[in-house]
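Open the structure in your viewer and keep the sequence at hand. Then work through these exercises at your own pace.

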Amino acid sequence: MNALNAWAPLEIRPSDIGAPATPEGLVAHLDGLGDGLAPLLTEHKALVFRDFQVPADGLDPVMDRLLPRRLAYVNGNSPRTKVGSNVYTSTEYPPEFTISMHNEMSYASSWPTRLMFYCDVAPQTGGATPVVDAQLWLESLDDEVREAYRDGVRYTQNLHDGKGLGKSWQDTFETDDRDRVDAYLKEAGSEWSWRPDGSVRVSTVRPSTLRHPVTGTEVWFNQSDQWHPAALGDETAKALAQIMAPEELPQSVTFADGRPIPDDYVIQVRDRGLDNAVDVDWHVGDLLLIDNILVAHGRRSFTGPRRVLVAMTD
């Protein structure tokens, strides 16, 4: 943990609340909280439930309390597998890579208010889910960077029709119906065009910061570093630049007015998010609930098998 960051998620164990170390004990505790869960999460920003021995096939009763309206991962930009009713594997990037900090779907017109992670298989080493106070992340950036981002960012996606680099539009929108995609993008306020090869190009302007609806706190809330070629690493970015223009990449980002975002800006954003993060280490049966506006999350590299499930609510 960064010495300047005294924040950490609230850990809740059976012994802390006088409950049995069972899934039923956790469900009873959540029932007892009732409407108190929302203000508790707003106050602490993230909650970790440990030692309740929740099995993967017993998640539904817990999720029903934590995520009252589970959402589908529509317009998601990362690879993952659907494993249940709006339950997914966490991002399936190779284990040797760290995934930088981000608020889930901050590039979209609507985003989940809460995320829940569940550890089904713990990694041999590493594999923590780092979380960062998004207000601290914003405040950690240089004034020059914050000012440059003031008017927001423009995200561009090039989604193929089944064969190509990156995700297809069918996987992204969980449909093979173009009319449904058109309706979604119209409601989202995006600009888009279908191409002769069946692919679609989507461009969307979004803010770079957001205010929490309850606390009014302003937080960093964009994924420019994840969509920018500079964050791919020098060799990868160089190789891609040799075969396609930045605007033809599966995803790319500029400032809202189309100006390029300097490489050093996105590297600063990426690194200061990770530098200020707190690692949540995983044990089988653990659950992590986060406020998706107040807290950004990522993934540390790991060895051995790792299976962390994620679900979200509006």
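Below are four exercises on this predicted model, each with a worked solution.

**Exercise 1.** Work out whether the fold as a whole is as compact as a globular protein of its length.

*Solution.* Start with the inventory: the protein has 11 helices and 19 strands. Next, take the radius of gyration, which is 20 Å, and set it beside the 20 Å that the globule rule gives for 314 residues; the two are close, so the protein is as compact as a globular protein of that length. For a feel of its extent, the C-alpha trace spans about 60 × 45 × 40 Å along the principal axes. Finally, look at burial and contacts. Buried residues, meaning those under 20% relative accessible area, make up 51% of the 314. Of the contacts between residues at least 6 apart in sequence, 79% join residues at least 24 apart.

**Exercise 2.** Describe the surface and the charges of the protein.

*Solution.* First, the accessible surface comes to about 14,200 Å², and carbon and sulfur atoms account for 50% of that. Then count charges: there are 29 positive and 47 negative ones, and their mean positions lie 3 Å apart.

**Exercise 3.** Place strand S2 among its neighbours, and find which of its residues are buried on each face.

*Solution.* Begin with S2 itself, residues 46–49. Ala46 and Val48 are buried on one side, Leu47 and Phe49 on the other, so both faces are covered. Now turn to its partners. Strand S1 (residues 10–12) pairs with S2 in the parallel sense over 3 bridges, with Leu10 opposite Leu47. Strand S16 (residues 287–291) runs antiparallel to S2 and is joined to it by 4 bridges; here Leu289 stands opposite Leu47. Leu47 thus faces a leucine in S1 and another in S16.

Step back along the chain to helix H3 (residues 37–44), where Leu37, Leu40, Leu41 and Thr42 are buried. The buried residues of H3 pack against several elements, among them S1, S2 and S16, as well as helices H2 and H4. Just after H3, Lys45 takes a positive phi of about 75°.

**Exercise 4.** Which residue in the hairpin of S10 and S11 takes a positive phi?

*Solution.* Locate the strands first: S10 covers residues 191–194 and S11 residues 200–206, and they run antiparallel with 4 bridges between them. As a check on the register, find Glu191 opposite Ser203 in S11. Then follow the 5 residues between the strands: Gly198 takes a positive phi near 95°.

Notes. Residues are numbered from 1 along each chain as its sequence is written. This is a predicted model: local features need pLDDT of at least 70, side-chain atom pairs count only at pLDDT 80 or more; totals for chains, interfaces and linings use all residues. Side-chain values use heavy atoms; hydrogens and water are left out. Helices (H or I, at least four residues) and strands (E, at least two) are DSSP runs, numbered from the N terminus. The radius of gyration is taken over C-alpha atoms; the globule rule is 2.2 Å times the number of residues to the power 0.38. Buried means under 20% relative accessible area, exposed over 50%, partly exposed in between (1.4 Å probe, protein chains only). Contact means heavy atoms within 4.5 Å. Accessible areas come from the Shrake-Rupley method with a 1.4 Å probe; for residues, only the protein chains shown count as cover. Lys and Arg count as positive and Asp and Glu as negative; His and the chain ends are not counted. The place of a charge is taken as NZ of Lys, CZ of Arg, CG of Asp or CD of Glu. Two strands pair if DSSP finds at least two bridges between them.
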